[in-house]
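Biologist: Got a minute to go through this one with me? Put it up and I'll start asking.

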Amino acid sequence: MRTDKSEAKPENKAEAKAAAEALRKPGSRKGREHAIRGIPVSPGIAIGLVFVTTEVPTEVPRRHVVAEQAEAEKQRLADAVALSRKQLGKLKTRLSVLPEEAQEELAPLLDAYVMMLGNSRLLRGARKRIETELLAAETAVGDEAEAIAALILAAKDDDKPGLQRRAGEVREIARRLTRNLTATPFRSLKGVPEGAILVAEELTPADAALLDPARIAGVATDEGGADGHTAIMLRALGIPAILGATGLSESAERGDMAVLDGAAGTIVLRPGDKAREVGRQALAAFAKERTKLSKLRRLPAVTTDGEPVELQANLEIPAELPLIAQSGAIGIGLLRTEFLFMNRDDLPDEEAQLAAYTQVVEAMGEDPVTIRVLDWGGEKDMQALSEGVAPTHSGPNPALGLRGLRLLLKRPELLEAQFAAILRVAERGNVRILLPMVTNPSEVKAAREIYEKVARRLRRKGVPVREKLPDLGVMIETPGAALAADAIALEADFFAIGTNDLAMYTLAVDRAEAEVSHLYDPLHPAVLRLMQFATEAALRLRMPVSVCGEMAGNPRLVPLLLGLGIRCLSMNASAIPRVKQMVRALDIGDCARFARRVMEQSDPARIHELVLGFTPGGDRG
Ligand code: PEP
Ligand code: MG
């Protein structure tokens with residue numbers, strides 16, 4: 001995991017100068033140290049210069065439209081206004097978590113922005129320019145904002161700083177509109193300077209997949225939750241990161257120095273000498289600890305009383321393969337295939353999928369690789385699918401809609417291509433297949449029929465497919481699946497418990513939403529009882545069962561998971577050494593007694609206390 005980023009230097013003098021001279025946003029507390037707290041999602045320290053992605057790309061091309069397109073352009077503008085209002089409204093509701101000083105500064109500014117998104121001169125002017133000059137919406141907004149700013153600055157008023165602030169506010173709201181009109185953040189991320197700390201209002205999982213951990217020192221965003229896919233992707237890439245840092249993108253400016261601590265969940269903008277020194281020391285301590293942990297790589301994951309535990313890696317993108325090799329993981333317990341479908345306008349065909357799976361399976365040699373078929377939907381939006389294959393996704397509750405296996409059964413050609421590619425690669429290694437977002441035994445049955453049909457078709461074509469097909473397993477990640485686990489177990493070859501979604505659906509709390517992140521709790525007794533029920537259903541049939549949600553990578557939760565009977569954990573590769581260290585300190589009898597005590601509790605706070613209070617070897621009572 002690349003977390004020991006060295007302190008970044010500006011790429012060259014021109015960039016340093018540009019950063020220093022960068023236009024300061026209105027309302028910013030120029031030059032002052034400012035610490036912001038967010039949700040810790042990926043450990044590591046980053047010290048570097050901030051790059052704010054919310055800045056509009058400098059080269060938004062001027063565009064004209066034909067008369068017939070004017071109405072559509074006005075609608076685009078209206079959509080961007082609605083989105084901007086939503087973004088600002090969200091920010092406003094979360095102001096209360098900021099220090100009072102920051103609230104006082106931001107609240108009037110946000111009011112001014114929201115007003116400009118009403119029946120303002122800016123919007124009236126922009127609409128008029130679309131109609132009369134036949135300009136594209138972003139060009140019309142830009143032109144109108146510049147015209148208004150010029151008028152403000154030319155006013156006869158002695159309060160020059162006041163005039164500049166007002167002109168800046170108009171330009172700022174125009175920038176937000178333009179950004180929402182030209183939303184292509186994944187393309188603009190390519191220009192991030194080396195060693196930068198990326199700051200954004202929000203980052204989608206697809207955006208995160210494009211980040212190069214060798215170039216980006218850290219990531220911090222205003223939005224997002226600890227177990228959303230953006231967080232998972234950042235952890236996978238080993239990029240120190242915090243999400244849900246309210247007000248950050250309003251306070252940070254391009255070229256600011258910052259110290260980010262991904263484990264503590266803090267970012268200090270414009271740090272003074274003391275904060276920089278603290279950051280440097282934390283960086284050194286992190287590197288030392290990592291070296292210590294790397295010594296565990298070759299040691300077996302066995303408890304003190306000799307019980308082996310399988311520790312596997314989750315894989316988001318093939319770029320992680322070297323990290324997995326260094327981690328000591330024995331196989332891949334969850335290969336999320338979504339990466340194949342991200343950041344493209346078409347679908348990957350069977351051959352393209354085969355090439356990607358082959359790279360992974362060959363890299364893993366004899367070790368098992370569990371490939372999960374596409375889990376599209378919810379927060380994992382993918383252009384090629386949302387705009388082409390299943391345009392119904394954006395209903396009122398995408399997480400409850402056509403997600404995972406539901407989509408694949410509705411569009412069996414997608415599932416067939418994926419099964420075919422996986423069956424072909426299975427000849428080269430030790431492969432299993434996993435079905436996401438299952439709620440019904442009949443869905444598993446339907447998927448198996450397609451699976452067997454694809455195998456027969458391949459054999460007819462002379463493609464070698466072994467007699468016994470690779471095991472077909474089921475993600476237990478909805479309360480429905482957990483409570484029907486005994487029935488689903490009869491249709492499945494193995495279970496993988498997805499605690500990220502299981503917690504989300506059980507508690508009705510969006511895993512990627514900063515505003516409700518305090519309610520997202522996989523240790524809630526309701527979640528634990530569902531896990532216990534599903535685990536026992538599998539164990540009764542002697543069927544393999546693993547946990548592959550983010551819980552599996554938290555060393556503190558290992559005693560509980562082993563105590564519940566789990567013997568296989570799949571997690572992001574960087575978590576494996578710490579989890580292994582814990583496994584090697586545990587006694588299975590202690591774990592079982594501890595799990596019984598936890599499962600007697602009905603108060604989540606008490607469960608947290610017990611988990612925090614557990615010490616290996618100290619629970620013999
Ligand atoms: C889960 O839901 O716990 C899981 C492992 O799947 P994903 O995070 O990809 O939804
Ligand atoms: Mg899931």
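Biologist: In what order do the eight strands sit in the open sheet?

Modeller: Bear in mind that this is a predicted model. The order is β1-β8-β7-β3-β4-β5-β6-β2, and the pairing is mixed.

Biologist: Which strands stand at the edges?

Modeller: β1 (34–37) and β2 (39–42). Each has a single partner strand, so one side of each lacks a neighbour in the sheet.

Biologist: And how are neighbouring strands turned against each other?

Modeller: By 30 degrees on average, direction ignored.

Biologist: Back to β1. How many bridges join β1 to β8, and do they run parallel or antiparallel?

Modeller: Four bridges, antiparallel. β8 covers residues 266–269. One of the pairs is Ala-35 with Val-268 in β8.

Biologist: Which strands does helix α11 touch?

Modeller: Helix α11 (residues 273–294) packs on the sheet and touches β3 (45–52), β7 (257–261) and β8. The direction of α11 makes about 125 degrees with that of β3.

Biologist: New topic. How many disulfides does a search of the whole structure find?

Modeller: Zero.

Biologist: Take Cys-548. Why no bond to Cys-568?

Modeller: Distance. Cys-568 holds the closest cysteine sulfur to that of Cys-548, but the gap is 9.0 Å, too far for a bond. The cut-off for a disulfide is 2.5 Å between the sulfurs.

Biologist: What about the nearest cysteine sulfur to Cys-568?

Modeller: That of Cys-548, 9.0 Å away, and Cys-568 is in no disulfide.

Biologist: Is Cys-548 buried or exposed?

Modeller: Buried, with a relative accessible area of 1%. Cys-568 is buried too, at 8%.

Technical notes. Residues numbered from 1 in each chain as written. Chains lettered and ligands numbered in written order. Predicted model: local features only at pLDDT ≥ 70, side-chain atom pairs only at ≥ 80, totals over all residues. Heavy atoms only, no water. Pairing = 2+ DSSP bridges. Helix = DSSP H or I, 4+ residues; strand = E, 2+ residues; numbered from the N terminus. Axes fitted to C-alpha atoms, helices over the stretch in contact; angles between N-to-C directions. Contact = heavy atoms within 4.5 Å. Buried < 20%, exposed > 50% of the residue type's maximum accessible area, 1.4 Å probe, protein only.
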